[in-house]
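Please open the structure in your viewer and keep the sequence panel beside it. This tour moves from one selection to the next and says what you will find at each stop.

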Amino acid sequence: RTYRIATIPGDGVGREVVDAGRAVLDAAARVSGEDFALEWTELPWGSDHYGRTGRMMPADGLQTLEGFDAIYFGAVGWPGVPDHVSLWGLRLAICQGFDQWANVRPVVFHPGVTSPLRKADSADLDWVVVRENSEGEYAGLGGRNFSAREGGEVAVQSSLFTETGCERIMRFSFELARTRDRKKVASVTKSNAQQYGMVLWDDVFRRVAADYPDVETESVLVDAMAARFVLAPESLSVVVASNLNADILSDLGSALAGSLGIAASANLNPERRYPSMFEPVHGSAPDIAGRGVANPIGAVASGAMMLDHLGHPEVADAVRAAIDATTAAGVLTADLGGSATTEDVTSALVAALREP
Ligand code: NAI
Ligand code: MG
């Protein structure tokens, strides 16, 4: 069958890594022996679109996207458009509009890539950050100009935690843990300091955990978890955290695995009522954009998660094996200490798929 994929390259290196990802995924589909193809429809949304129209995507953008099997996204954000405008106008609008409440961000260590952890056994490390992606600190609640007193403006930025929102992300995390070698979920909060929403989160975690006696659990404060990522990452399997905390921890995880450029993510609507969206963790990287040197691995690995979601896990595994073969062979972009271009890595990935 043919899957209809909406591509939104967005800004900066988004364009470069999405093109690379498409080439690799098409090659993977072709050589797989499985009878399917990907049909890409490109949507030219992002900061250029904002410059022309005053919007990051058209007003009926979500309706346009609704008919697709999945969304393949690059990055948004460009100097000249305030970052909160670009993020809320496109990426967050899609995540929240399509109730993509689970953001899955694996931390994967590839052979041939030097981790700043410098652990002899870092090849054996892998864990996954599950980010609550619909509420929490990014619920968008608050406002400016509350100022009633002398002394300047006051702004309020509130977090929203619902029992339903907490429960679904926790069940998702426990189910994910059951599919892994190490059946363990660590829940992350700052519930000692944030005494309402995050205490509700802790209460729901304990209640849901009772339904999964086969899965080991722990609750860890986010500051301690940041240290744990560095000092004892072998103790991690599934790490579930609120929107902001997981956003920060997943960047830390990808840096520990070698670079922000290799980290993948899936924004899932697990009920499949709406399309899910697959994107690298990194942003538009204006400092290196347009030079053909961006690392495409994060986008390619996100594409592998899209293949998992579309029901082709073996083809997804072939893509992941091609990534390992490419890094092991030393074909590395500058962020990983090498001198390969985006194009070099893409060609090496396609070649590795042809000759596994
Ligand atoms: P960034 O992720 O774009 O860049 C951080 C650092 O990582 C830079 O030094 C960059 O060169 C490097 N980097 C990122 N991706 C890379 C790749 N594929 N290969 C090699 N190196 C790579 O984050 P930054 O600089 O904080 O933000 C830049 C813009 O991106 C901002 O406008 C921000 O709002 C936006 N952004 C968008 C995201 C999204 O669309 N999901 C996520 C994060 C940031
Ligand atoms: Mg982030």
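Begin by selecting Gly33, which comes just after helix α1 and takes a positive phi of about 80°. Then extend the selection back over α1 itself, which has 19 residues; at 1.5 Å a residue they should span 27 Å, and because the end C-alpha atoms are 27 Å apart, the model agrees with that expectation.

Before going further, bear in mind that this is a predicted model. If you colour the chain by confidence, you will be looking at an average pLDDT of 95, with 99% of the residues scoring at least 70. For the complex, the predictor gives an ipTM of 0.98 and a pTM of 0.95.

Next, select ligand 1 together with the 23 residues around it, among which Gly77, Gly261, His282, Gly283 and Asn295 come nearest. Which helices each supply at least two residues of this shell? They are α1, which covers residues 13–31, and α4, which covers residues 83–97. The largest share comes from α4, which gives three residues to the shell around ligand 1. If you colour the shell by residue class, you should find 10 nonpolar, eight polar and five charged residues.

Now step back and colour the chain by domain, giving one colour to domain 1, made of residues 1–113 and 258–356, and another to domain 2, made of residues 149–256. The C-alpha centres of the two domains lie 25 Å apart. Where they touch, 10 residues of domain 1 are in contact with nine residues of domain 2. On the domain 1 side of this contact, you will see eight nonpolar residues, one polar residue and one charged residue.

Return to a single element and select helix α9, residues 297–310, whose 14 residues reach 20 Å from the first C-alpha to the last, close to the 20 Å expected at 1.5 Å a residue. How many of the 14 residues of α9 are buried? The helix is mostly covered, with 12 of them buried, including Ile297, Val300, Met305, Leu307 and His309. To see what covers these buried residues, show the surrounding elements as well, which include the helices α1, α10 and α11 and the strands β3, β11 and β12. Following α9 you will come to Gly311, whose phi is positive, near 95°.

From there, move to Arg320, which is found in helix α10. Arg320 counts as partly exposed because 19 other C-beta atoms lie within 10 Å, whereas a buried residue would need 20 or more. Leaving aside neighbours within four places in sequence, Arg320 is in contact with Ala301 and Ala304, both of which are among the buried residues of α9. You can also draw a distance from Arg320 to Met305: the two are 15 residues apart in sequence, and their C-alpha atoms are 9.6 Å apart in space.

For the last stop, select Lys184, which lies in strand β8, residues 184–189. Is Lys184 buried or partly exposed? It counts as partly exposed, because it has 17 C-beta neighbours inside 10 Å. Not counting residues up to four places away in sequence, Lys184 touches Ala177, Val215, Glu216, Ser237 and Val238. Finish with a distance between Lys184 and Glu216, which are 32 residues apart in sequence but 4.4 Å apart in space, C-alpha to C-alpha.

How values were computed: Residues numbered from 1 in each chain as written. Chains lettered and ligands numbered in written order. Predicted model: local features only at pLDDT ≥ 70, side-chain atom pairs only at ≥ 80, totals over all residues. pLDDT = per-residue confidence, 0-100. Near = placed C-beta within 6 Å. Helix = DSSP H or I, 4+ residues; strand = E, 2+ residues; numbered from the N terminus. Nonpolar A, V, L, I, M, F, W, Y, C, P; charged D, E, K, R; others polar. Domains from an automatic or database assignment. Contact = placed C-beta atoms within 7 Å. Expected span 1.5 Å × (residues − 1).
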